[in-house]
Amino acid sequence: MKNIYLNIFKANLLNLKKAKKYIKSNNIIGLPTETVYGLAGNAYSNTSVKKIYSLKKRPNFNPLIVHYHDLKSLNNDVILNKNFIKMYKTLCPGPITFILKKKYRSKISKLVSAGKNTLAVRFPKHAVARKLLKMLDAPLAAPSANISSKLSPTSAEDVVDEFKNKIKLVLDGGRCKIGLESTIIDLTKTPSILRQGSITKKKICQILKTKIKNSRHSKVTRAPGQLKLHYSPGIPIFMNKQKPKANEAFITFGKKYKSGKNRFNLSKNNNLNEAANNLYRIMRKIKKRKYKSIIVSEIPKTGVGLAINDRLKKASYK
Ligand code: TXA
Ligand code: MG
């Protein structure tokens, strides 16, 4: 049988060194993080950043997140503030992205922030991402490793599924622990959440000891007619439904749902973290099995359930 995964590499020292070489020569790699896999390149290099936008077919007005190992190198690129320091101390490394004001002298490629004077920064927790970041002398620009508007990848195989052999090296870090993209918080003014995730608003309120808003749309996604559909498996999704039609997959949550051929339970244990972890994997599976549409049962709107509902809503935009 033909091995279709020739570009997936075990994340041992030899292959981490290979990845470092790729990044240094402005090539793009698939990188595991605890949230989802990223499409990573040298954040200082215009060549690398252009390659990321082009591979992803991402509109050039939608900025990228820059990944760091620790605070040391960050100081050259953004203006730190008190709220950031508080959150960094409790949550990092971890599944959260901060929007901060960019410094004029920052070496980050201007293309990363798509003309904005802010920068999205994140400190991933995954051991492989951390090891590689430590070996490099530049931070990594890395959006989720999927074609723009499609499902984020939660395994090395998913990355190859998206890009085939257009990426020559994907570091295998196993299945992502969280499976949903990081929470994004704008700290350039009164803190507001731009994207929900496994770190909830409640948790952040406790840390900052202040009220924070949920911004319904980030400015970059407000561009007319653009980016309304996100996280999409490419078939219609209908939420809060109970009766699947023929050729329709049924995504359920909780023990009250029976199993069946077209039924996919996000968590039989009523566990929202498990559900978040299964969401993209199950939607990919449904797509591969050629179902024509998906209905989803109600999913509790608490904890990470809020982020799951948010992703499903964006995936079902019509
Ligand atoms: O978990 C994650 O965050 C993953 C892993 C790979 O780190 N990355 C990820 O990146 O989800 P991406 O590019 O798929 O989503 C980043 C989001 C985009 O919606 C983008 O609009 C927003 O972050 N963003 C980036 N820079 C921004 C900025 N300066 N201001 C506002 N939003 C920004
Ligand atoms: Mg994405």
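In the predicted model, strand 3 and strand 7 run antiparallel and are joined by two bridges. Within this pairing, G41 of strand 3 faces A141 of strand 7. Strand 3 also pairs with strand 2, which comprises residues 29-31; the two strands are antiparallel and share three bridges. I29 has A40 of strand 3 as its bridge partner, and the connection from strand 2 to strand 3 is a hairpin of six residues. Strand 3 is mostly covered, with five of its five residues buried.

Part of the packing around strand 3 involves helix 2. The buried residues of helix 2 pack against strand 3 (38-42), strand 7 (140-141) and helix 6 (156-163). Helix 2 spans residues 46-56, and its buried residues are S48, V49, I52, Y53, L55 and K56. At the start of the helix, the backbone nitrogen of T47 has a side-chain oxygen of S45 within 3.3 Å. At the other end, helix 2 is followed by K57, which has a positive phi near 55 degrees.

The region about the start of helix 2 is also contacted by S109, a residue of the loop between strand 5 and strand 6. When residues up to four places away in sequence are not counted, S109 touches A43, Y44, S45, N46 and V49. Two of the residues named here recur in the description of helix 2: S45 supplies the side-chain oxygen at the start of the helix, and V49 belongs to its buried set. S109 has a relative accessibility of 3% and therefore counts as buried, the cut-off for that class being under 20%.

The two strands that flank the loop of S109 are themselves paired. Strand 5 and strand 6 are antiparallel and are connected by five bridges; K101 has T118 of strand 6 as its bridge partner. Strand 5 additionally runs parallel to strand 9 (residues 183-186), to which four bridges join it. In that pairing, F98 is placed opposite I185 of strand 9. Five of the six residues of strand 5 are buried, and the strand is thus mostly covered. As a general feature, side chains in a regular strand alternate between the two faces of the sheet.

Residues of strand 9 are contacted in turn by S192, which is located in strand 10. Leaving aside neighbours within four places in sequence, the contacts of S192 are I184, I185, D186, K213 and S215. I185, one of these contacts, is the residue that stands opposite F98. S192 counts as buried because its relative accessibility is 5%, and burial is assigned under 20%.

A contrasting environment is provided by K177, in the loop between strand 8 (170-172) and strand 9. K177 has a relative accessible area of 75% and is therefore exposed, a class that begins over 50%. Even so, K177 touches E34 and N277 when residues up to four places away in sequence are not counted. The C-alpha atoms of K177 and E274 are 9.4 Å apart in space, although the two residues are separated by 97 residues in sequence.

Ligand 1 is surrounded by 24 residues, of which T35, R58, N62, H67 and S182 come nearest. Three side chains place polar atoms by oxygen atoms of the ligand. In H67, a polar side-chain atom is found 2.7 Å from an oxygen atom of ligand 1. For R58, the distance from a side-chain N or O atom to an oxygen atom of the ligand is 2.8 Å, and for R195 the corresponding distance is 2.9 Å. Ligand 1 taken alone exposes 690 Å², and the protein buries 94% of that area. Two or more residues of the shell are given by each of strand 4 (65-67), strand 5 (96-101), strand 6 (118-122) and strand 10 (192-195). Strand 6 makes the greatest contribution, with three residues. The composition of the shell by class is eleven nonpolar, eight polar and five charged residues. The shell thus draws on strand 5 and strand 6, the antiparallel pair joined by five bridges, as well as on strand 10, in which S192 is found.

How values were computed. Residues numbered from 1 in each chain as written. Chains lettered and ligands numbered in written order. Predicted model: local features only at pLDDT ≥ 70, side-chain atom pairs only at ≥ 80, totals over all residues. Heavy atoms only, no water. Near = heavy atom within 4 Å. Polar contact = N/O pair within 3.5 Å; in protein donor to acceptor, adjacent residues only side chain to side chain. Areas by Shrake-Rupley, 256 points an atom, 1.4 Å probe, with all protein chains shown as cover. Nonpolar A, V, L, I, M, F, W, Y, C, P; charged D, E, K, R; others polar. Buried < 20%, exposed > 50% of the residue type's maximum accessible area, 1.4 Å probe, protein only. Pairing = 2+ DSSP bridges. Contact = heavy atoms within 4.5 Å.
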